Amino acid sequence: MSDKKFFTSFLTIFLLSGFVFSANNISLLENAKTSGMTIYYDSLSQSGMIEKNGHQLSFRNGEQIVILDSIRMMITDAPEIKNNQLFVSQKFIDDSENFFNQKSEMPFKVGAILIDAGHGGKDPGAVKTYKKNGKDITIREKDVNLKVAKMLYERLHAAYPQKQIILTRNSDVFLSLSERTDIANNVKVNENEAVLFISIHVNSSLNKNSSGYEVWYLSPGYRRTVLDKSAAGDDNTLFTIMNSMLEEEYTTESIMIAKYIMDGLQAQIGKESTARGIRAEEWFVVKNSNMPAVLIELGFVSNEKEAMLLNDEKYLKKATLGIYNGIAAFVTHFERSQGFTSVD
């Protein structure tokens, strides 16, 4: 994190000296309507993100620290929830506008997209065999995951030659969950670049009628360390606050990615399968990744009709295009107004 020593010293003095809050009498949502801000807020974690002019400001109810473009901190008046509405002070608005109006020398962008094909090798994942026209047809989750992952890689690599597009596996090999997470966390990008983690899976259920696709993100109730402890020096209080803020920013971005991918899948698949929605869970392969991450369940191999779709190359191409369009929409949104070419 840039200027970490300056911010650490400044914040320590700030917290010890106390602070006089200005009156929080401005509705943030109402102000956004006239100021051009876009606001995302998660009521469960009581944290959110404001976007404007290609910049991002992450905040949390009751906290004086805000995160700017994921790489810097700023001290301002703490937002406050009153009567189920979010209120801020004029100082919060002024400080935010000053930040949004700055011209960034290093625009924040997506530097790498990691595609994880679930299971593989000795771990086939969900498996089901059906008899069609007198022949046995076996659908293995690991095979479906890899097919979609490789097709997604080709699309993303062609669209974003300047970004790192990485497969955790490109053949039928076994990788432990911790190995997959290690691959994700060891991707090297510049300070102004983010990494996205997309994990591909297929579902199964004891209920053979269960069907549909869904996108998961990490539950806000799960806590993880996403920040290097050196960023806060020896101040444990500061580290806890900074880590929590960045973690909640990852959650907000993960929810956004999940929504874009769900929209993309619905647009491509239509009525051929059912959209089961966006869900939160503590998936291991996602919960230990220090970045925005989602896990996609493409359908139920335990449902014969859907299993046949998952065995159909044309259907998998549609699903892949839906995922690609969702990721592309998020990248365009994330890099909006910062001079990068958008993807149709």
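How do strands β3 and β4 pair, and over how many bridges? I opened my notebook with that one, keeping in mind that this is a predicted model.

**Entry 1: the pairing.** I found that β3 (residues 47–52) and β4 run antiparallel to each other, with six bridges between them. Looking for one bridge to follow, I picked Ile50, whose partner in β4 is Leu57. The two strands make a hairpin with two residues between them, and Asn53 in the turn shows a positive phi of about 55°.

**Entry 2: the other neighbour.** I then followed β4 onward to β5 (residues 65–68), and this pair is antiparallel too, over two bridges. Leu57 turned up again here, with Leu68 as its bridge partner in β5. This hairpin has four residues between its strands, and Gly62 in the turn has a positive phi of about 85°.

**Entry 3: cover on β4.** Is β4 mostly covered or mostly open? I noted that six of the six residues in β4 (residues 55–60) are buried. One side carries His55, Leu57 and Phe59, the other Gln56, Ser58 and Arg60, and both faces are covered.

**Entry 4: a stop at Asn185.** I looked up Asn185 in helix α5, which spans residues 177–185. Asn185 counts as partly exposed because its relative accessibility is 28%, between the 20% and 50% cut-offs. Its C-alpha lies 8.0 Å from that of Met291, although the two are 106 residues apart in sequence.

**Entry 5: stepping back.** For the whole protein chain I wrote down nine helices and 16 strands. Of its 344 residues, 54% are buried. The chain exposes about 15900 Å², with 49% of that supplied by carbon and sulfur atoms.

Methods
Residues are numbered from 1 along each chain as its sequence is written. This is a predicted model: local features need pLDDT of at least 70, side-chain atom pairs count only at pLDDT 80 or more; totals for chains, interfaces and linings use all residues. Side-chain values use heavy atoms; hydrogens and water are left out. Buried means under 20% relative accessible area, exposed over 50%, partly exposed in between (1.4 Å probe, protein chains only). Accessible areas come from the Shrake-Rupley method with a 1.4 Å probe; for residues, only the protein chains shown count as cover. Two strands pair if DSSP finds at least two bridges between them.
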